[in-house]
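Let's take a walk through this structure together, one piece at a time. Have the sequence and the 3D view ready, and follow along as we go.

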Amino acid sequence: MTYRTMLLQMFEDPNLDRRLATAVALATRFQAHLVGLVVSPPPVMPFGYGEAAAYVGPEIFEAQREANHAVAERLHEAFDRAVAGTGLSSVWRDEEGDLSMLYSIAATTVDLVITGEETGDALDAVAPNIAEHLVTDAGGPVLMLPPAGVDGEIGKRVMLAWNGSKEAKRALVDALPFLKSADTVWVVTIGDPEDVRLDRVLRMLRRHDVAAEELVLEGKGQEPGALLLEQVQAHDADLLVMGAYGHSRLREMILGGATRHILHNATMPVLFSS
């Protein structure tokens, strides 16, 4: 197994060029076809018009479309600059519609999705968090890059979170291209390793030529997501692999959980699978 088709979610922020460089480096490493996709939201009625909406002229909607088109053009130019001269197989796509739905649909026909956490101001609070939607709806591995970008190669020192769940197993399988090429792999679990059959996981990985080390943590009441990030930093890992949303999404939103904590606090790349 390897990644032959990669999808990069395109959005404009100060780290765009670094995110593009990482995507191009990964596509080159795995000899993958790289798809750059931006989804622009459809025009919406401005807040506050109420009953006066009938008197709003079409220029309001046209101005929104022109602004979205300008952003898409800048992203297209940045994508073309990033792949120029690399010899990569690549394609640019520009769509308009529901962001969460269209990105999720696009994700179903690729091997790996690359995204990043979008940072914004208070006005962005009502906008959908595309990274979260991709993690839960992509149906495959989603590599989330940290807001500050990535320096150097990803996946030489990998930490795999294991709790015996189907999501953790899916993450292990989805991450095999990274695990097989890593210099060091740790399989970390919290609690009794026998409860999650950690020894069997290590044997399974060895059959894939992955010589992983076990890392068993007591937990001591600490939030699992925070504990995982603490171990990643302590071992200088450059990639965390984990299953996402072991419970319903509503339950995760109410109770927190390792997935949400890591989504919003990770400072290193994280490969999620659900």
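Start at V35, whose bridge partner in β3 is V91. Keep in mind as you look that this is a predicted model. The two strands around that bridge, β2 (residues 33-40) and β3, run in the parallel sense and pair over seven bridges.

Now zoom out to the sheet. It's an open one with 10 strands, and if you read across it you get the order β3-β2-β1-β4-β5-β10-β9-β6-β7-β8, with mixed pairing. The edges belong to β3 (90-96) and β8 (212-217): each has a single partner strand, so one side of each is left with no neighbour in the sheet. Going from one strand to the next, the twist averages 25°.

What packs on this sheet, and which strands are touched? Helix α1 (residues 16-30) does, and it touches β1 (5-9), β2, β4 (112-116) and β5 (142-145). Compare directions and you'll find that α1 makes about 175° with β1.

Stay with α1 for a moment, since this helix also meets another one. Its axis and that of helix α2 (residues 58-83) come within 10 Å and cross at roughly 45°. That angle makes α1 oblique to α2. As for handedness, the crossing of these two helices is right-handed. On the α1 side, the contact is made by L16, D17, L20 and V24, while α2 brings in L75, A78, F79, R81, A82 and V83. Sort the residues of this α1 and α2 contact by class and you get eight nonpolar, two charged and no polar.

There's one more thing to see on α1, and it involves rings. The structure holds four aromatic pairs. Take Y3 and F30: their ring centres sit 5.2 Å apart and their planes are at 80°, so this pair is edge-to-face. It ties together distant parts of the chain, with Y3 in the segment before β1 and F30 in helix α1, 27 residues apart.

Next, look at two other helices, α3 (residues 99-107) and α4 (residues 130-137). Their axes come within 9 Å and cross at roughly 40°. These helices are therefore oblique to each other. The crossing of α3 past α4 is right-handed. Which residues make the contact? From α3 come L99, S100, Y103, S104 and A107, and from α4 come I130, H133, L134 and D137. Split by class, the contact of α3 with α4 has five nonpolar residues, three polar ones and one charged one.

Last stop: helix α8 (residues 224-234) and helix α10 (residues 258-265). Here the axes are 7 Å apart, and the helices pack at an angle of about 50°. That angle makes α8 oblique to α10. To find where they meet, look for P224, G225, A226, L228 and L229 in α8, and for A258, H261, I262 and N265 in α10. The residues in this contact of α8 with α10 divide into six nonpolar and three polar, with no charged ones.

Conventions:
Residues numbered from 1 in each chain as written. Predicted model: local features only at pLDDT ≥ 70, side-chain atom pairs only at ≥ 80, totals over all residues. Heavy atoms only, no water. Axes fitted to C-alpha atoms, helices over the stretch in contact; angles between N-to-C directions. Helix = DSSP H or I, 4+ residues; strand = E, 2+ residues; numbered from the N terminus. Parallel < 35°, antiparallel > 145°, perpendicular 65-115°, else oblique. Left-handed = near helix turned anticlockwise from the far one by under 90°. Contact = heavy atoms within 4.5 Å. Nonpolar A, V, L, I, M, F, W, Y, C, P; charged D, E, K, R; others polar. Pairing = 2+ DSSP bridges. Phe/Tyr/Trp six-rings, centres within 6.5 Å; stacked < 30°, edge-to-face > 60°.
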